[in-house]
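Dear colleague,

I am passing on the structure we spoke about, and my notes on it follow below.

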Amino acid sequence: MSSHREAPEIAKDPVADSTDVYAFVSPDRPSTVTLIANYVPLQEPAGGPNFYEFGDDVQYEIHVDTDGDGLPDVTYQFQFETVLRDRDTFLYNTGPIRSLDSRNWNSRQFYSVRRRSSGGTEQLGTGLACPPCNIGPLSTPTYRRLAASAVHSLPGGIRVFAGQRAEGFYVDLGSVFDLATLRPFQQLHAKYGMHVFSDPAPGVNATNRLNVHSIAIQVPIAALTGSGQRDESDPRAVIGVWTSASRQHVRVWDADRFENAWSGPFRQVSRLGNPLVNEVLIPLGKKDFWNTQPPVDDEKFAEYVSHPELARLLPALYPGVFPHLAHLDKSGEPRADLEAILLTGIPAGLIKDFQNHTGPVLADMLRLNTAIRPSRTPNILGVLGGDLAGFPNGRRVFDDVVTIELRAIAGLTYPLVAPGYQPDAAASAVTDGVGPRDVTARYLRTFPYLGVPYSGYDNPS
Amino acid sequence: MMGAQQHVDIPASLAGPAGRPVPVSRRSVLRSAAGAGAVGAACLVVGGALGAVPAAAATRPARRAPDSGRAGADRVVVHVRDARTGEIDVFAGTSHTRLRDPGLAAQLAGLMR
């Protein structure tokens with residue numbers, strides 16, 4: 001998956017486990033950018049009696065680098081607090097919840113938002129209500145409206161939302177982690193001598209009808225890049241975005257109070273910029289270490305981007321399908337195309353009218369050129385599909401990042417840095433075979449853009 | 001070896017709720033640990049966590065939040081990282097300091113034997 005349960009330790013800590021980051025110029029408010037960080041992966045909607053929530057003991061942050069040094073220049077910090085109305089009932093709610101201040105809602109969560117920059121720390125909002133989880137027709141009968149009321153306006157033209165959403169990321173998880181099976185091409189897999197796939201098959205979206213918890217903030221572009229008109233060739237128009245979750249250093253199970261006690265400074269336990277980097281490129285023994293590191297130190301992981309294991313596996317697992325990629329692998333040439341896409345941004349001159357380069361610092365950040373207007377006819381393959389407003393120029397909620405990265409790793413983007421290289425025909429066709437059509441909940445046209453979460457009553461059906 | 005009354009080096013950032021330094025001395029650490037019956041082979045918790053009893057639950061605020069650093073600033077956690085070298089971590093609130101005191105470390109470790 002993008003980054004769901006991607007490392008051994010963070011897989012045991014769902015509330016601190018970042019799953020996806022999105023950053024895009026808001027299509028309905030193009031003077032703003034929307035930044036979304038998702039946590040608490042793979043939620044079965046029927047999650048009672050303790051429905052999913054953010055961690056009160058986790059420090060959630062969305063960072064923005066505005067000068068390409070791999071360090072945050074602006075950080076939005078989110079701190080949650082759960083409040084129970086009644087400790088003597090086992091119920092999350094004791095009747096229908098029709099408003100965010102409903103007396104029937106027992107376990108509520110609130111949060112504060114702070115903005116940290118070189119100018120200091122500013123409290124943007126406190127006591128902001130999250131919506132409840134989507135329980136069902138009796139408990140949350142007007143869910144769409146109820147959740148919409150949890151979009152809060154803050155000073156400075158900022159909007160914020162934190163709460164449950166439908167998972168918008170799609171992937172055929174069941175196949176790709178079955179030794180890189182891609183159902184549309186499974187008949188071409190080496191199959192280890194077994195005769196299990198004789199025909200292609202459509203992909204299966206393993207994350208469909210699951211929920212996630214989103215922290216979404218919409219910010220005027222000028223608040224990040226400074227005032228003044230920027231055009232797409234201006235390096236100052238490019239921002240780097242990532243999220244992190246931190247926990248206090250020490251946890252002690254307080255057996256007398258039946259809860260964990262935390263102490264010490266906050267330490268980063270999870271981070272996420274570009275999708276699939278820690279999931280697919282970083283080796284198992286370094287994934288949790290990677291999670292603790294800041295992007296500015298990503299040079300130490302650069303070899304896993306420039307010589308990705310998956311690029312070596314594709315020709316081995318699909319014999320004869322990727323001969324040019326196999327030759328490229330054997331040459332030992334570093335994949336400068338992947339470094340550009342994931343670690344530095346794409347310099348000007350490689351793709352017509354496009355750049356999201358942030359300089360020489362190798363840092364895994366989602367880079368967004370904020371001067372590029374939202375597309376009227378988006379292509380889910382983003383820049384690969386000729387749509388400069390999509391991944392890897394930031395990331396929209398519907399972008400097919402699995403296919404884009406698969407194709408890039410398969411060699412489709414290598415001609416950007418080596419014009420003489422001829423990608424394999426399969427490189428422009430390879431996919432896990434799922435798309436937005438496989439996401440049951442519709443994406444929204446307005447903030448927070450991810451769909452209304454699936455209700456526990458209706459899912460699983 | 002330090003004298004029994006000698007205070008461990010607690011920085012000003014480890015201030016208690018009222019802004020006073022947390023009164024952590026080697027003796028108080030040992031006394032608290034002994035009184036608590038010890039909470040681990042090399043980890044001691046001093047402060048509010050020891051005072052709470054289940055019966056207090058009914059009068060606790062409805063806020064379920066965390067006994068995290070924000071709420072538990074009076075808690076001090078002492079972690080003997082390595083009894084042999086005397087490396088000791090002290091955590092309080094959102095602060096952390098590392099000491100090197102082989103005598104204290106050995107004494108704390110000895111409590112568990």
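**Helix α7 and the cores**

In chain A, helix α7 (residues 309-317) has Ala311(A), Leu314(A) and Pro315(A) as buried residues, where buried means that 20 or more other C-beta atoms, placed from the backbone, lie within 10 Å of the residue's own, and exposed that 12 or fewer do; helices (H or I, at least four residues) and strands (E, at least two) are DSSP runs numbered from the N terminus. Viewed down the axis of α7(A), these buried residues fall within an arc of 85°, so they line one face of the helix, the arc being that of the directions from the helix axis to the C-beta atoms. Glu309(A) and Ala316(A), both exposed, sit on the face turned away from that buried side.

Please bear in mind that this is a predicted model, in which local features need pLDDT of at least 70 and side-chain atom pairs count only at pLDDT 80 or more, while totals for chains, interfaces and linings use all residues. Residues are numbered from 1 along each chain as its sequence is written, with chains lettered from A and ligands numbered from 1 in the order in which they are written.

The buried residues of α7(A) pack against α8 (323-331) and α10 (401-409) of chain A. Leu314(A) is also among the residues that Ala410(A) touches, as are Phe322(A) and Val430(A), contact meaning C-beta atoms within 7 Å.

Turning to chain B, three helices and four strands follow the pattern α-β-α-β-β-β-α along the sequence, and buried residues make up 28% of its 113 residues.

Best wishes

Methods. Two residues are in contact if their C-beta atoms, placed from the backbone, lie within 7 Å. Lists of a residue's contacts leave out its neighbours within four places in sequence.
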